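User: Pick out one part of this model and give me a close look at it, ring packing first. Then follow the connections outward from there.

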Amino acid sequence: MKRIITFGTFDVFHVGHVNLLERARALGDYLIVGISSDQLNISKKGRAPIYPYTSRAKIIHSLRFVDEIFEEESLEKKAQYLQLYKADMLVMGDDWKGRFDHLSEYCDVHYLPRTPSISTTELIEVIKEVP
Ligand code: C2G
């Protein structure tokens, strides 16, 4: 039984998120998703998420290829989370390439190519421009 873990905000959920989670799950047998707290998103991106944690968590938990979720409170706690959830592999999109290599002492670290041409930031810009 291979346990995969991934992390993200998953705000304004879109197909790039689905693709990432689906491919992450296909690399193992059990997928655990750490979802950024609202406060963590503010510190990472300088703004509150559009959807609050409870809504983002409900969406991610409803996916058939997600087995377990938890609230990620700090980027600095990654090593603790990997151990707590007994992860065999950490999977992230390649916008984070290299950033988590130091965690390879706890589990395998793998980056997947991002889905091109879609992001929460771009979606927010497009929605803002709708007259
Ligand atoms: N993603 C993707 N393709 C896109 C957009 C996003 O593959 N077009 C992936 C990202 O690479 C990431 C995941 O979807 O692996 C979640 O994306 P975000 O919600 O933007 O995650 P982020 O806020 O970068 O948080 O500890 C790490 C961070 O918490 C990751």
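Analyst: Let's start with the rings: pairs between them link Phe7, Phe70, Tyr81 and Tyr85 into a cluster. Before going further, keep in mind that this is a predicted model, where local features need pLDDT of at least 70, side-chain atom pairs count only at pLDDT 80 or more, and totals for chains, interfaces and linings use all residues. Residues are numbered from 1 along each chain as its sequence is written, and side-chain values use heavy atoms, with hydrogens and water left out.

A ring pair is described by the distance of the centres and the angle of the planes. Here, rings of Phe, Tyr and Trp (its six-membered ring) pair if their centres lie within 6.5 Å; planes under 30 degrees apart count as stacked, over 60 as edge-to-face, and the rest as tilted. That rule gives five aromatic pairs. One of them is Phe70 with Tyr81, a tilted pair with 4.9 Å between the centres and 45 degrees between the planes. Phe70 sits in strand β3 (residues 68–72) and Tyr81 in helix α4 (residues 78–84), so their contact ties together parts that are eleven residues apart in sequence. Helices (H or I, at least four residues) and strands (E, at least two) are DSSP runs numbered from the N terminus. Phe70 and Tyr81 are both buried, where buried means under 20% relative accessible area, exposed means over 50%, and partly exposed is in between (1.4 Å probe, protein chains only).

For contrast in geometry, look at Trp96 and Phe100: their ring centres are 5.3 Å apart and the planes meet at 20 degrees, so this pair counts as stacked. Trp96 and Phe100 are both buried too.

Back to the cluster, and to Phe7 in particular. Lys78 lies over the face of this ring, 4.4 Å from its centre. (A charge sits over a ring if NZ of Lys or CZ of Arg is within 6 Å of the ring centre and within 35 degrees of the ring normal.) Lys78 has a second partner, Glu72, and their side chains meet in a salt bridge at 2.7 Å, N to O. By salt bridge I mean a side-chain nitrogen of Lys or Arg within 4 Å of a carboxyl oxygen of Asp or Glu. Both Lys78 and Glu72 are buried.

Phe7 also brings us to strand β1 (residues 3–8), which is mostly covered, with six of its six residues buried. In a regular strand the side chains alternate between the two faces of the sheet. In β1 both faces are covered: Arg3, Ile5 and Phe7 on one side, Ile4, Thr6 and Gly8 on the other, all buried.

What does β1 pair with? One partner is strand β2 (residues 30–36), in the parallel sense over six bridges, strands being paired if DSSP finds at least two bridges between them. Gly8 stands opposite Ile35 in β2. To get from β1 to β2 the chain passes through helix α1 (residues 15–26), and this β-α-β crossover is right-handed, that is, with the strands pointing away from the viewer, the path from the first strand over the helix to the second runs clockwise. Another partner of β1 is strand β4 (residues 89–93), also parallel, over two bridges. There, Ile5 stands opposite Leu90.

Just past β1 there is another charged contact, one of seven salt bridges in the structure. Asp11 pairs with Arg47, the closest N and O atoms being 3.7 Å apart. Asp11 lies in the loop between β1 and α1, while Arg47 lies in the loop between α2 (38–45) and α3 (53–61), so the bridge ties together parts that are 36 residues apart in sequence. Asp11 counts as buried because its relative accessibility is 4%, whereas Arg47, at 29%, counts as partly exposed.

One last stop, at the β2 end of things. Arg56 is found in helix α3 and is buried, with a relative accessible area of 0%. Its side chain reaches the backbone oxygen of Ser36 at 2.9 Å. That makes a polar contact: a pair of N or O atoms within 3.5 Å where, within protein, one must be able to donate a hydrogen and the other to accept it, and residues adjacent in sequence count only if both atoms are side-chain atoms.
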